[in-house]
Amino acid sequence: MTRASAVVVIGGGQSGLAAGYHLRRLGLDFVILDAQTTAGGAWQHTWDSLHLFSPAAYSALPGRLMPPQADEEYPDAAHVVSYLRDYEKRYELPVHRPVRVQGVHRDGELLRVETDSGPWLARAVISATGTWWRPFLPAVPGRGGFGGRQLHTVEYRGPQDFAGRRVIVVGGGNSGAQIAADLAYDTQLTWVTQRPPRYLADDIDGRALFDAATARRRALDAGRTDTGGVASLGDIVAVPPVRAARDRGLLTASPMFARLVPDGVEWADGTRAEADAIIWCTGFRPALSHLAPLQLRGRRGHIATTGTRAVDEPRLHLLGYGDWTGPASATLIGVGRPARDAAREISALPAAGRT
């Protein structure tokens with residue numbers, strides 16, 4: 001049976017909930033389709049020791065401050081999951097789960113969202129599926145011949161799985177630094193980065209990153225000189241576990257190796273390091289396969305947007321995938337403003353539908 005809603009939001013994580021908050025405030029008819037079995041988005045699948053880059057007061061979705069976590073300046077992932085579950089319940093957001101979206105199609109004046117539980121027809125769609133479900137692995141020579149264990153950030157849970165082992169962590173961003181710090185005490189750790197680690201000043205956190213990203217977006221929109229945004233400040237926020245390992249001299253990075261060999265890795269000069277496991281903290285790509293039927297990708301696979309709205313399909317908005325869909329929109333504090341803008345644009349569509 002085909003169901004209908006003025007707006008279908010795909011994804012029930014932080015971006016989808018922020019969209020739901022603003023859609024509800026505008027009185028629009030909407031549903032949120034979430035592939036997860038429980039609330040909490042990707043945060044419920046992260047490693048145990050993951051911490052936010054900002055204190056709770058600067059990590060909130062619109063309308064509801066995140067309460068502080070006892071004895072923690074920077075809340076952990078479990079605290080974020082609890083907050084998201086409370087947020088969804090508090091605002092009585094109409095989340096349907098588990099529902100897996102298979103494709104979005106044009107259907108005359110409407111968009112048809114095909115799911116594993118039947119189709120939905122909508123006047124507008126907000127895609128808010130994030131990036132966690134599409135981990136990126138670089139094409140490094142010899143990767144298929146390595147005899148040890150290889151895993152991506154999404155598969156890492158904690159140091160208990162690697163105690164006493166030789167572990168190589170690849171990646172100089174926040175995930176790489178946090179996981180390296182996690183493993184620095186009980187493993188034979190080698191931390192490998194593309195360039196020397198760049199730590200932000202210890203007093204800089206996610207709020208400053210959001211401000212920097214916003215200032216860059218405003219400068220570019222006004223035709224002024226690119227400020228560099230977050231990249232101008234550094235790559236790694238020194239949350240307490242990272243700071244502690246760094247200050248003890250446990251986070252010494254090596255340059256990127258040239259290839260994998262059966263028992264480890266090899267640098268261009270022939271130097272080798274043996275390894276039992278390699279953890280690839282090499283980032284993510286937007287999870288957008290459900291939008292393939294709309295044929296919106298350009299030559300480089302990028303969907304052109306104006307703000308959050310797809311240029312070639314004005315009934316579609318993309319939310320929470322990074323700066324190209326709103327400054328710092330992949331963060332808790334940053335997604336609120338583009339979510340509000342998307343909801344307002346949708347409300348201006350003909351017959352957008354109000355409750």
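1. Leu 316 belongs to strand 19, and in this predicted model the residue counts as buried because its relative accessible area is 0%, where the cut-off for that class is under 20%. Setting aside residues up to four places away in sequence, Leu 316 touches Val 125, Ser 127, Leu 291, Leu 294, Leu 296, Thr 308, Arg 309 and Ala 310. Leu 316 and Leu 111 are separated by 205 residues in sequence, yet their C-alpha atoms lie 8.7 Å apart in space.

2. The setting of Leu 316 extends to its strand: five of the six residues of strand 19 are buried, and strand 19 is therefore largely enclosed by the rest of the structure. On the side of strand 8 (124-127), three bridges connect strand 8 with strand 19, and these two strands run parallel; here Val 125 stands opposite Leu 316, and Val 125 is also among the residues that Leu 316 touches. Strand 18 (309-310) is joined to strand 19 by two bridges in an antiparallel arrangement, with Arg 309 opposite His 317, and the two strands form a hairpin that has two residues between them.

3. Strand 19 takes its place in an open sheet of seven strands, whose order is 4-3-2-8-19-18-17 and whose pairing is mixed. The edges of this sheet are strand 4 (95-96) and strand 17 (305-306), each of which pairs on one side only. At the strand 4 end, strand 3 (residues 30-33) runs parallel to strand 4 and is joined to it by two bridges, and Leu 33 stands opposite His 96 there.

4. Two helices should be considered together with this sheet. Helix 1 (residues 14-25) lies across strand 2 (7-10), strand 3, strand 4 and strand 8, and runs at about 170 degrees to strand 3. Helix 6 (residues 336-347) lies across strand 2, strand 8, strand 18 and strand 19, and runs at about 160 degrees to strand 19. Strand 2 and strand 8 are thus named for helix 1 and again for helix 6.

5. A further open sheet consists of four strands in the order 1-7-6-5, again with mixed pairing. Its edge strands are strand 1 (3-4) and strand 5 (101-107), each pairing on one side only. Strand 5 pairs with strand 6 (residues 110-115) over six bridges in the antiparallel sense, and within this pair the bridge partner of Gly 103 is Glu 114 of strand 6.

6. Helix 3 (residues 174-183) deserves separate comment, since nine of its 10 residues are buried, so that helix 3 is largely enclosed by the rest of the structure. The buried residues are Asn 174, Gly 176, Ala 177, Gln 178, Ile 179, Ala 180, Ala 181, Asp 182 and Leu 183. They pack against strand 10 (166-170), strand 11 (188-193), helix 5 and strand 16 (277-280).

7. The packing of helix 3 on helix 5 (residues 240-247) can be described in geometric terms, as the axes are 9 Å apart and form an angle of about 60 degrees, and the crossing is left-handed. Ala 177, Gln 178 and Ala 181 of helix 3 and Pro 241, Val 242 and Ala 245 of helix 5 make the contact, which by class comprises five nonpolar residues, one polar residue and no charged ones.

8. The largest nonpolar core holds 57 residues, of which Trp 43, Leu 61, Val 169 and Ile 279 touch the most other members, and helix 2 (residues 77-90) gives the most to this core, with six residues. Apart from neighbours within four places in sequence, Trp 43 is in contact with Gln 14, Leu 50, Leu 52, Ala 77, Val 80, Val 81, Leu 84 and Leu 332. A second core, separate from this one and made up of 21 residues, includes Val 104, Leu 111, Leu 294 and Ala 310; Leu 294 and Ala 310 also appear among the residues touched by Leu 316.

9. For the chain as a whole, six helices and 19 strands are assigned, and 49% of the 355 residues count as buried. Among contacts between residues at least 6 apart in sequence, 64% join residues at least 24 apart.

Technical notes
Residues numbered from 1 in each chain as written. Predicted model: local features only at pLDDT ≥ 70, side-chain atom pairs only at ≥ 80, totals over all residues. Heavy atoms only, no water. Axes fitted to C-alpha atoms, helices over the stretch in contact; angles between N-to-C directions. Left-handed = near helix turned anticlockwise from the far one by under 90°. Contact = heavy atoms within 4.5 Å. Nonpolar A, V, L, I, M, F, W, Y, C, P; charged D, E, K, R; others polar. Core = buried A, V, L, I, M, F, W, Y, C linked by side-chain atoms within 4.5 Å. Buried < 20%, exposed > 50% of the residue type's maximum accessible area, 1.4 Å probe, protein only. Pairing = 2+ DSSP bridges.
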